[in-house]
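Got your viewer open? Please load the model below and keep the selection box handy, since we'll hop from one stop to the next.

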Amino acid sequence: MLPNFYLYLASCVLLLALSCQVSMGTPMRMPRSLDSGKCSQCADLSRELVKNVKKLLDNENLFGGLNCSEQRVEVNSKTQTVLACEPNTDMNTRCSGQRNTTFSESECLRNIRADLEHYAASLQAYKQADLSSTAQDTQNLLNICPSTQWVSSSQVADPKLTSGDPVDQRVHLCKVLKGFHLRVITISRAMGYISAGDHRK
């Protein structure tokens with residue numbers, strides 16, 4: 001009876017060891033969409049853009065008399081940047097104690113580019129205040145950080161920023177900027193992750 005137990009236990013341990021070995025495979029290297037110099041520059045520019053959008057949100061001249069912090073957030077609903085740029089941890093690697101992540105750099109960059117085009121167009125279209133500095137920073141990031149597999153979709157500015165009552169436009173600008181701030185934080189983190197290159201190892 002006891003030798004059968006040890007045989008069963010040894011079989012279980014062997015099966016577990018084999019399944020862990022299979023799941024420890026090294027992820028395939030992906031071709032780079034951006035060279036490391038551009039990645040680092042994009043990461044720096046995106047961090048600066050986070051600060052610039054935050055300054056706009058805190059601008060009393062732009063939002064004086066309006067409690068912007070109480071307005072809801074509106075993000076670009078036509079992209080999936082958060083999902084596309086989040087590394088997924090493979091749960092089968094728990095046996096090895098290592099993280100094995102899957103990440104599509106080109107899909108992440110396509111979504112980032114679509115977001116930047118949308119927000120650049122929206123900032124340029126708003127005429128009630130001068131947002132050209134932040135619009136230019138957004139355009140610079142867009143120009144320096146292209147995705148090799150992106151085909152421009154001619155992003156259109158948010159129509160609520162260009163029509164209707166000026167007060168309503170200002171309220172909507174607040175919502176859009178809050179969404180842009182959250183999205184550019186995601187973009188900054190994604191560019192830092194891409195710049196580090198861990199997903200290519």
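Start with the charged side chains: a search of the whole structure turns up 7 salt bridges, a salt bridge being a side-chain nitrogen of Lys or Arg within 4 Å of a carboxyl oxygen of Asp or Glu. This is a predicted model, so local features need pLDDT of at least 70 and side-chain atom pairs count only at pLDDT 80 or more, while totals for chains, interfaces and linings use all residues. Residues are numbered from 1 along each chain as its sequence is written, and side-chain values use heavy atoms, with hydrogens and water left out.

**Stop 1: salt bridges**

Select Glu 48 and Lys 51, whose side chains form a salt bridge at 3.5 Å, N to O. Both sit in helix 2, 3 residues apart, which is about one turn of the helix. (Helices, H or I with at least four residues, and strands, E with at least two, are DSSP runs numbered from the N terminus.) Glu 48 is partly exposed at 40% relative accessibility, and Lys 51 is partly exposed too, at 48%. For the cut-offs: buried means under 20% relative accessible area, exposed over 50%, and partly exposed in between, using a 1.4 Å probe and protein chains only.

Next, pick Asp 58 and Lys 54, where the salt bridge spans 3.2 Å, N to O. Asp 58 comes out partly exposed at 47%, as does Lys 54 at 39%.

Now jump to Arg 110 and Glu 107, a salt bridge with its closest N and O atoms 2.3 Å apart. These two lie in helix 5, 3 residues apart, again about one turn of the helix. Arg 110 has a relative accessible area of 21% and is partly exposed; Glu 107 is partly exposed at 32%.

**Stop 2: a lysine without a partner**

Select Lys 175, in helix 7. Which side chain of opposite charge is nearest to Lys 175? That's Glu 74, 4.4 Å away, and Lys 175 is buried yet has no salt bridge. On the charge count, Lys and Arg are positive and Asp and Glu negative, with His and the chain ends not counted. Show what surrounds Lys 175: leaving aside neighbours within four places in sequence, it is in contact with Gln 71, Arg 72, Val 73 and Glu 74, contact meaning heavy atoms within 4.5 Å.

**Stop 3: aromatic pairs**

There are 2 aromatic pairs to visit. Rings of Phe, Tyr and Trp (its six-membered ring) pair if their centres lie within 6.5 Å; planes under 30 degrees apart count as stacked, over 60 as edge-to-face and the rest as tilted.

Select Phe 103 and Tyr 193: the ring centres are 4.9 Å apart and the planes at 70°, so this pair is edge-to-face. Phe 103 is in the loop between strand 2 (101-102) and helix 5 (105-125), while Tyr 193 is in helix 7 (residues 166-196), so the pair ties together parts 90 residues apart in sequence. Both Phe 103 and Tyr 193 are buried.

Then swap to Tyr 119 and Phe 180, with centres 4.4 Å apart and planes at 20°, so this pair is stacked. Tyr 119 belongs to helix 5 and Phe 180 to helix 7, so parts 61 residues apart in sequence are tied together. Tyr 119 and Phe 180 are also buried.

**Stop 4: the nonpolar core**

Which residues touch the most other members of the largest nonpolar core? Select Phe 63, Ile 112, Leu 173, Leu 177 and Met 191, out of 39 residues in that core. A nonpolar core here is a set of buried Ala, Val, Leu, Ile, Met, Phe, Trp, Tyr and Cys residues joined through side-chain atoms within 4.5 Å. Helix 2 (36-57), helix 3 (60-63), helix 5, helix 6 (132-144) and helix 7 each supply at least two residues. Helix 7 gives the most, with 12 residues.

**Stop 5: zoom out and colour by confidence**

The chain has 7 helices and 2 strands, in the order α-α-α-α-β-β-α-α-α. Of its 201 residues, 40% are buried.

Switch on pLDDT colouring (the predictor's confidence in each residue, from 0 to 100). The chain averages 76, and 68% of the residues score at least 70. Confidence is lowest in helix 1 (residues 2-23), with a mean of 41, and highest in helix 4 (residues 81-84), at 93. Select residues 2-33 to see a stretch with pLDDT below 50, which has 24 contacts in the model beyond near neighbours in sequence. Last selection: residues 91-96, where pLDDT stays under 50 and the model has 8 contacts beyond four places in sequence.
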